[in-house]
Amino acid sequence: MTLVRYESADHVATITMARSDKHNALNDALCTELRDAWLRFRDSGDRVAVLASSEERYFSVGADVGDLPANMWHAVPGLGVELDKPVIAATSGWVVGGAFVLVQMADLCVASETTRFIYPEGKIGTTAGGVSSVMARMPHKIAMEFLLVGEEMSAERAFQIGFVNKVAPKGQHVVMAQEMAAKIAGNAPLVVRALKKLAREAMPKGPLETVADARRLLDEVRDSEDLKEGVKAFAEKRKPRFTGK
């Protein structure tokens, strides 16, 4: 991977977006590498992941308007890849649009005091709808103001309303997130995973989450060797030899 770094230490994965020349604008390449990182995390011995940026001034500017991703939801933890391990977002600087959805779908958030959340889709004239899940993660009236007015929200305000767990001094957000991750990683893994799963099932799902659940199943079928074998067998007028792969 060239746009995302994956580092592992003591059962904690630090996943760092590193498309710095574009302030981590989410295009197909970055979204694909993020999905690959979530797959690696899912299948690894790491117990907690920290999602961070390689630069202080921008966590991410959101979707790349000059190179829009076809499936940005693939990059979102819990949507593109179903996870039963906790994810902590470590944010700083601007967190814009689709990048806010990344943080929204993380389980916890440690925000640098420099963090500014903003969801400007109403001002741009487009939406992918993933932000609707924020209604389960912010008080209703505050969430509606954030979505419809489109003005920035500071790290302190996000902390006050319970969207952020901790506000870190400038430059300390990743370290603080890793410290929190280490505490979780030291707990009983089966219990942590069970609690995350139960909490996820208790939380109301947004429309895109429901669609993503179905898409993950259907994408697996679409990309399977069995589909290729079935089509080939039909063309050759023979019984297919399915392998479940």
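Helix α2 lies across β4, β6 and β8, running at about 95° to β6. Here, helices (H or I, at least four residues) and strands (E, at least two) are DSSP runs, numbered from the N terminus. "Lies across" involves contact, meaning heavy atoms within 4.5 Å. Angles run from 0 to 180 degrees between N-to-C directions, and the axes are lines fitted to C-alpha atoms, for helices over the stretch in contact. Keep in mind that this is a predicted model, with local features needing pLDDT of at least 70 and side-chain atom pairs counting only at pLDDT 80 or more, while totals for chains, interfaces and linings use all residues. Residues are numbered from 1 along each chain as its sequence is written, and side-chain values use heavy atoms, with hydrogens and water left out.

The strands under α2 bring up the sheet they belong to. An open sheet of four strands runs in the order β4-β6-β8-β9, with mixed pairing; two strands pair if DSSP finds at least two bridges between them. At its edges stand β4 (58-60) and β9, each pairing on one side only. Further in, β6 (residues 94-96) pairs with β8 in the parallel sense over three bridges, and V96 sits opposite I118 in β8.

Then there is an open sheet of six strands, in the order β1-β2-β3-β5-β7-β10, again with mixed pairing. Its edges are β1 (4-9) and β10 (166-168), each with a single partner strand, so one side of each has no neighbour in the sheet. Neighbouring strands of this sheet are turned by 20° against each other on average, direction ignored. Strands of a sheet pair through backbone hydrogen bonds, either parallel or antiparallel. Both kinds turn up here: β1 and β2 run antiparallel, joined by six bridges, while β3 (residues 48-53) and β5 (residues 87-91) run parallel and are joined by three. To put residues to these pairs, A9 stands opposite V12 in β2, and A49 stands opposite V87 in β5. Helix α1 (residues 28-43) lies across β1, β2 (12-17), β3 and β5, at about 15° to β1.

The hairpin of β1 and β2 has two residues between the strands, and D10 there takes a positive phi near 55°. Most residues other than glycine have a negative phi, and most peptide bonds are trans. H11, in the loop between β1 and β2, also has a positive phi, of about 70°, although it is not a glycine. Another case is H23, with a positive phi of about 50°, in the loop between β2 and α1. H11 is partly exposed at 37% relative accessibility, and H23 is partly exposed at 26%. (Buried means under 20% relative accessible area, exposed over 50%, partly exposed in between, with a 1.4 Å probe and protein chains only.)

What about the inside? The largest nonpolar core has 50 residues, and those with the most contacts inside it are I15, L34, W38, F100, F117 and M138. Such a core is a set of buried Ala, Val, Leu, Ile, Met, Phe, Trp, Tyr and Cys residues joined through side-chain atoms within 4.5 Å. Apart from the largest core lies another, of 15 residues, among them V12, V48, A181 and V192. Leaving out residues up to four places away in sequence, M138 touches F100, A143, F146, M153, I161 and F163.

Two of those partners, A143 and F146, also belong to the buried residues of helix α4 (residues 140-149), along with I142 and L147. Seen down the axis of α4, these buried residues fall within an arc of 130°, so they line one face of the helix; the arc is that of the directions from the helix axis to the C-beta atoms. K141 and L148, on the other side of α4, are exposed. The buried residues of α4 pack against α2 (98-105), β8 (116-118), β9 (153-154) and α5 (155-160). Right after α4 comes G150, with a positive phi near 80°.

As for disulfides (pairs of cysteine sulfur atoms within 2.5 Å), the count is zero. C31 is in none, as the nearest cysteine sulfur, that of C109, is 19 Å away. Both cysteines are buried: C31 has a relative accessible area of 2%, and C109 is at 2% relative accessibility.

Finally, F234 lies in helix α9 (residues 225-235) and is exposed, with a relative accessible area of 72%. F234 and H23 are 211 residues apart in sequence and 48 Å apart in space, C-alpha to C-alpha.
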